[in-house]
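Colleague: Could you take a close look at one helix for me and then walk outward from there? I'd like one connected account, so take your time.

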Amino acid sequence: MKVIIGLGNPGKKYEDTRHNAGFLAIDKIKDKWNIPVQQNKFRALVGEGRIEEEKVLLVKPQTYMNLSGESVAEILKFYKLGPEDIVVIYDDLDLPPGQLRLREKGSAGGHNGIKSLIQHMGTQEFKRIKIGIGRPEPGRSVSDYVLHPFSATERPLIDEAAELAAAAAAMWTREPFVKVMNQYNTTAKP
């Protein structure tokens, strides 16, 4: 089984915020592949289904971003899976709005959700699909920026990036991640 995890914060208050780009991508996957993500298990909303022949688990941790690793660690333990069985989709301040970057491993890069995953899994070796959200203008706090909704000009870029992230995650269920990276790192818009 492959596990596709989108990071974000639960609740209406955070629904359309920049920090919830991962949740947005999971919603695109669930809609395309008709996988309901509504079961509340492992302190997450989860949905089991299939992408073509591969059994998948879609995950939206409900622990709030900074504690995402707690939920993911429970899932890996329950299903007896390892970090090689997951891909994590999340927002990235260092990429322009709407740009994707796929990586097989790496540091947290200042992202508290990824920091939590690394801490709870004990490794940096897990696949990532980053959705660029850009940086705040000088003088604005990062926390205020990531917890704020997308601007009208950013929203179409993010929707398109979430679609691409969903397609990349789906491709990973049947192809090596290196091949997915080669395709989606190339086609991502600057």
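Modeller: Sure, let's start with α5: this helix has 19 residues and reaches 27 Å from its first C-alpha to its last, close to the 27 Å expected at 1.5 Å a residue. Keep in mind that this is a predicted model.

Which residues of α5 are buried? The set runs Glu154, Ile158, Ala161, Ala162, Ala165, Ala166, Ala168, Ala169, Ala170, Met171 and Trp172. Glutamate 163 is another matter: with a relative accessible area of 43%, this residue counts as partly exposed. Its side chain meets that of lysine 28 in a salt bridge, at 3.6 Å from N to O. Glutamate 163 sits in helix α5 (residues 154-172) and lysine 28 in helix α1 (residues 21-33), so the contact ties together parts that are 135 residues apart in sequence.

There's also a salt bridge within α5. Aspartate 159 pairs with arginine 155, and their closest N and O atoms are 3.2 Å apart. The two are four residues apart in helix α5, so about one helical turn separates them. Salt bridges with shared partners bring Asp16 in as well, joining Asp16, Arg155 and Asp159 into one network. As for accessibility, aspartate 159 is partly exposed at 24%, and arginine 155 is partly exposed with a relative accessible area of 24%.

How many salt bridges turn up in the whole structure? The search finds 17. One of these links arginine 140 and aspartate 144, whose side chains meet at 2.8 Å, N to O. Aspartate 144 is partly exposed, at 38% relative accessibility. As a general point, side chains of opposite charge can pair when their charged atoms come close.

Now for the pockets, beginning with the second largest, since α1 comes up again there: this helix supplies four residues, the largest share of that pocket's lining. The second largest pocket has a volume of about 230 Å³. Its lining is made of 17 residues, and those nearest the centre are Glu15, Asn20, Phe23, Asp27 and Lys60. By class, that lining has six nonpolar, five polar and six charged residues.

The largest pocket comes out at about 390 Å³. It is lined by 23 residues, with His19, Leu93, Gly110, His111 and Asn112 lying nearest its centre. The elements giving two or more residues to this lining are β5 (86-92) and α4 (142-146). Its lining residues split into nine nonpolar, nine polar and five charged.

Last stop, the aromatics: a search of the whole structure finds four aromatic pairs. In one of them, the rings of phenylalanine 42 and tyrosine 79 have their centres 5.9 Å apart and their planes at 55°, so that pair is tilted. Phenylalanine 42 lies in the loop between β2 (39-41) and β3 (44-51), while tyrosine 79 belongs to helix α2 (residues 68-79), so the pair ties together parts 37 residues apart in sequence. Phenylalanine 42 is buried, with a relative accessible area of 12%. Tyrosine 79 also pairs with phenylalanine 78: here the ring centres are 4.9 Å apart and the planes stand at 85°, so the arrangement is edge-to-face. Put together, Phe42, Phe78 and Tyr79 form one aromatic cluster.

Terms used. Residues numbered from 1 in each chain as written. Predicted model: local features only at pLDDT ≥ 70, side-chain atom pairs only at ≥ 80, totals over all residues. Heavy atoms only, no water. Salt bridge = Lys/Arg side-chain N within 4 Å of Asp/Glu carboxyl O. Buried < 20%, exposed > 50% of the residue type's maximum accessible area, 1.4 Å probe, protein only. 1 Å grid on protein atoms, 1.4 Å probe; cavity = no way out; pocket = protein on both sides within 12 Å on 5 of 7 lines; lining within 4 Å. Points joined across faces, edges and corners; volume = space filled by probe spheres on them. Nonpolar A, V, L, I, M, F, W, Y, C, P; charged D, E, K, R; others polar. Expected span 1.5 Å × (residues − 1). Phe/Tyr/Trp six-rings, centres within 6.5 Å; stacked < 30°, edge-to-face > 60°.
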